[in-house]
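Q: I would like a close look at one part of this model, set in the context of the chain as a whole. Please go through it carefully.

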Amino acid sequence: MPLFWRISLFNSVVLIAATALLLGPVTVSTPVLLTEAAILTVGLVVILVANVVLLRIGLGPLRQLARAMTTTDLLRPRVRPEVDGDGEIAELITTFNTMLDRLEAERALSAARTLSAQESERHRVAQELYDEVGQTLAAVLLDLKRVADQAPDDVREQLSQVQETTRASLDEIRRIARRLLPGVLEELGLSSALRSLSDEFTGPSLTVRHDIAAGLPALGDNADLVLYRVAQEGLTNAARHAGARLVLLTLDRAGDAVELRVRDDGRGFDGCGDTAEGAGIRGMRERALLIGADLSVGPARGGGTEVRLTVPVGDRVAERAGDRVG
């Protein structure tokens, strides 16, 4: 029976019973006697308590639904509210769950298109940096060397400084192009790409240590790219925002999944400013959803921040990605 009719029926029964008692043997004196007042008070309390209990039981699923509405995040899929109750309430919860499924599917498809466009744009920019800017600077270096060989000694020293500046700019452009287009990922695989990425971020102010297990199962190109980009974003956050001195990057088997961890000794998740669910972390979550992976970003044991990405192996990749996208 719908909630509306249940409440209406209960209230009608109570009112009819009260009216019958008043028209029957129960009378109220004027002035009201103490026993009569006590009976009326008890009856009123019973009616109110029964009404409150009925409403609490009937509206309980709505409170659960309201909590689910306020805590739902499409980037963090959770268990759907259980369809409880009957009538309009059960229909409302079912409709809400269906709406969440549709919104998550639409967001996943939109994120897939966006990330695909981003990767295409990264590829285009990297190619232009390599082919256009890189070759131009290389030609400039050759011209500078030729001019320096013919220039007087006092001018040659100045030209040498310009050569060093140009060479440093060329190296920086190549480094940026490698980050935009990780060719080593396509050529040598994920393990070699992560080792190269760790070496690239290692410098005077930051040490990156890697521990990559051997014999990991193949995950597919999309999963490899997501793992690489999440590791890249985690290292970037540690270098730019956390003020870290040491970062540990690990890739290992965890049951029926492959787990990536990027842990730093920086200021910690709460003190990293932009790392508190900024664009970088939201981008990592969107990438994780595309392959059905679980991503967690938070304080690490002993201080600092830890990024953990768990990617299911084999058929579970397609199964979980399909559950979240479709």
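Is Arg261 buried or partly exposed, judged by its relative accessibility?

A: Arg261 counts as partly exposed, because its relative accessibility is 29%, and this value, like every other one here, comes from a predicted model. The side chain of Arg261 meets that of Glu259 in a salt bridge, with 3.0 Å from N to O. Glu259 itself is buried, because its relative accessible area of 15% falls under the 20% cut-off. The pair does not stand alone, as salt bridges that share partners join Glu259, Arg261, Glu306 and Arg308 into one network. In total, the structure holds 9 salt bridges.

Glu259 also leads to a second residue of interest, Leu251, with which Glu259 is in contact. Leu251 is found in strand β2, which covers residues 246-254, and it counts as buried because its relative accessibility is 1%. Leaving aside neighbours within four places in sequence, the contacts of Leu251 include Val258 and Leu260 as well as Glu259, and also Leu190, Leu194, Asp211, Ile212, Ala213, Leu216 and Leu227. One of these partners, Leu194, is 57 residues from Leu251 along the chain, and their C-alpha atoms are separated by 9.0 Å.

Two further salt bridges, both in helix α3, can be set beside the one between Glu259 and Arg261. Glu128 forms a salt bridge with Arg124, the closest N and O atoms being 2.8 Å apart, and these residues, 4 apart in helix α3 (residues 88-150), are separated by about one helical turn. Both count as partly exposed, Glu128 with a relative accessible area of 40% and Arg124 with 38%. Arg146 forms a salt bridge with Asp143, for which the closest N and O atoms are 2.4 Å apart; here the partners lie 3 residues apart in helix α3, again about one turn. Arg146 is partly exposed at 46%, and Asp143 is partly exposed at 37%. An α-helix has 3.6 residues a turn, so residues three or four places apart point the same way.

Helix α2 offers a nonpolar counterpart: Val45, Val49, Val53 and Ile57 form a nonpolar patch on the surface, with about 360 Å² of accessible area together. Of these, Val49 is found in helix α2, residues 34-71, and is partly exposed at 46% relative accessibility.

Helix α8 (residues 279-290) has 12 residues that should span 16 Å at 1.5 Å a residue, and its end C-alpha atoms are 17 Å apart, which agrees. Its buried residues are Ile281, Gly283, Met284, Arg285, Glu286, Arg287, Ala288 and Leu289. After α8 comes Gly292, with a positive phi near 70°.

As for the whole chain, its secondary structure comes to 9 helices and 5 strands, and buried residues make up 35% of its 326 residues. Among contacts between residues at least 6 apart in sequence, 66% join residues at least 24 apart. The chain exposes about 19,300 Å², of which carbon and sulfur atoms supply 58%.

The confidence of the prediction should be kept in view: the mean pLDDT of the chain is 78, and 83% of its residues reach 70 or more. Over residues 271-276 the pLDDT is below 50, and this stretch has 10 contacts in the model beyond near neighbours in sequence. Over residues 316-326 the pLDDT is also below 50, and that stretch has 19 such contacts.

Key. Residues numbered from 1 in each chain as written. Predicted model: local features only at pLDDT ≥ 70, side-chain atom pairs only at ≥ 80, totals over all residues. Heavy atoms only, no water. Patch = residues over 30% accessible without salt bridge, like charges linked within 9 Å, V, L, I, M, F, W, Y side chains within 5 Å. Areas by Shrake-Rupley, 256 points an atom, 1.4 Å probe, with all protein chains shown as cover. Salt bridge = Lys/Arg side-chain N within 4 Å of Asp/Glu carboxyl O. Helix = DSSP H or I, 4+ residues; strand = E, 2+ residues; numbered from the N terminus. Buried < 20%, exposed > 50% of the residue type's maximum accessible area, 1.4 Å probe, protein only. pLDDT = per-residue confidence, 0-100. Contact = heavy atoms within 4.5 Å. Expected span 1.5 Å × (residues − 1).
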